[in-house]
Amino acid sequence: MLDPTNRSNGNQHPLYDLVPDPTDQQPMGTEAEFDTIVEGTVTTYAPRLFAVVQEYGDRVDFHIAAWGMAFEDHCDLIDSEGSVVRTGMQSPEHALRGYQIGDRVRPRLVWVNPDAKNPLLDLLA
């Protein structure tokens with residue numbers, strides 16, 4: 001069984017003593033009510049997902065160059081190749097910097113739409 005104090009191997013988590021003991025606290029409703037509160041809070045504060053897309057020419061082709069998460073006060077960006085991580089940018093628009101290549105490649109911000117359809121998949125089928 002997992003030892004919550006991490007003392008089974010002689011070590012204690014370094015933050016253990018800083019966490020208030022919840023033993024005498026009342027639960028926030030039933031287990032189902034608590035799960036609903038947690039899920040609702042996660043949904044409310046979830047970051048918005050976006051991509052930095054590099055468009056080649058006038059709609060000739062495109063490449064998803066990076067993926068980002070926009071929080072209320074900043075955004076984080078991960079290069080699609082996984083090699084570059086940029087964090088703490090002020091806005092998703094700041095993420096476009098560095099992805100333009102002269103007048104041949106224009107970057108643009110595309111917000112993830114989970115309901116979007118992809119006609120390319122029909123062509124490939």
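# A guided tour of the predicted model

Begin by selecting N113, which is placed in the loop between β5 and α2. The model on the screen is a predicted one. N113 counts as partly exposed, because its relative accessibility is 45%. Now add A70 to the selection: N113 and A70 are 43 residues apart in sequence, and their C-alpha atoms are 14 Å apart in space.

## The largest pocket

Which residues should be selected to find the centre of the largest pocket? Select V53, F62, I64, R108 and V110, which lie nearest the centre among the 19 residues of the lining. The elements that each contribute two or more residues to this lining are β1 (48–56), β2 (61–70), β5 (105–111) and α2 (119–124). Colour β2 separately, since the largest share of the lining, four residues, comes from this strand.

The space in the largest pocket amounts to about 500 Å³. How is the lining of the largest pocket divided by class? The lining has 12 nonpolar residues, two polar residues and five charged residues.

## A nonpolar patch on the surface

Next, display the surface and select L49, F62, I64, W67, M69, F71, V112, L120 and L123. These residues form a nonpolar patch on the surface, and together they have about 820 Å² of accessible area. Two elements, β2 and α2, give two or more residues each to the patch. Which element gives the most to the nonpolar patch? The answer is β2, with four residues.

Two residues of the earlier selection reappear at this stop: F62 and I64 belong to the nonpolar patch, and both are also listed among the residues nearest the centre of the largest pocket.

Within the patch, centre the view on L123, which is found in helix α2. Is L123 buried or exposed? L123 counts as exposed, because its relative accessibility is 68%, above the 50% cut-off for that class.

## The salt bridges

Now show the side chains of the charged residues. How many salt bridges does a search of the whole structure find? The search finds three. Side chains of opposite charge can pair when their charged atoms come close.

Select R106 and E55 for one of these pairs. Their side chains meet in a salt bridge, with a distance of 3.0 Å from N to O. R106 lies in strand β5 and E55 in strand β1, so this pair ties together parts that are 51 residues apart in sequence. The two partners differ in their accessibility class: R106 is partly exposed, with a relative accessible area of 38%, whereas E55 is buried, with a relative accessible area of 11%.

Keep E55 selected and add R108. R108 also forms a salt bridge with E55, and the closest N and O atoms are 3.4 Å apart. Here R108 lies in strand β5 and E55 in strand β1, so the pair ties together parts that are 53 residues apart in sequence. R108 counts as partly exposed, because its relative accessibility is 46%. Which residues do salt bridges with shared partners join into one network? The network consists of E55, R106 and R108. R108 has a place in the pocket as well, as one of the residues nearest the centre of the largest pocket.

For another salt bridge, select D58 and R59. The closest N and O atoms of this pair are 3.0 Å apart, and both residues are exposed.

## The loop at R59

Stay with R59, which is placed in the loop between β1 and β2. R59 counts as exposed, because its relative accessibility is 66%. Inspect the backbone at this residue: R59 has a positive phi of about 65°, although it is not a glycine.

## Two further stops

Move to D103, which is found in the loop between β4 (85–89) and β5. At 71% relative accessibility, D103 counts as exposed. Add D61 to the selection: D103 and D61 are 42 residues apart along the chain, and their C-alpha atoms are separated by 14 Å.

Finally, select D76 in strand β3 (residues 75–79). Is D76 buried or exposed? D76 counts as buried, because its relative accessibility is 19%, under the 20% cut-off for that class. Draw a distance from the C-alpha atom of D76 to that of L18: the two are 29 Å apart in space and 58 residues apart in sequence.

Methods
Residues are numbered from 1 along each chain as its sequence is written. This is a predicted model: local features need pLDDT of at least 70, side-chain atom pairs count only at pLDDT 80 or more; totals for chains, interfaces and linings use all residues. Side-chain values use heavy atoms; hydrogens and water are left out. On a 1 Å grid over the protein atoms alone, a cavity is a set of points where a 1.4 Å probe fits but cannot get out, and a pocket is an open set with protein on both sides within 12 Å along at least five of seven lines; lining residues have an atom within 4 Å of a point. Grid points are joined across faces, edges and corners, and a volume is the space filled by probe spheres set on the points. Ala, Val, Leu, Ile, Met, Phe, Trp, Tyr, Cys and Pro count as nonpolar, Asp, Glu, Lys and Arg as charged, and the others, Gly among them, as polar. Patches are made of residues with over 30% relative accessible area and no salt bridge: like charges are joined within 9 Å, nonpolar side chains (Val, Leu, Ile, Met, Phe, Trp, Tyr) within 5 Å. Accessible areas come from the Shrake-Rupley method with a 1.4 Å probe; for residues, only the protein chains shown count as cover. A salt bridge is a side-chain nitrogen of Lys or Arg within 4 Å of a carboxyl oxygen of Asp or Glu. Buried means under 20% relative accessible area, exposed over 50%, partly exposed in between (1.4 Å probe, protein chains only).
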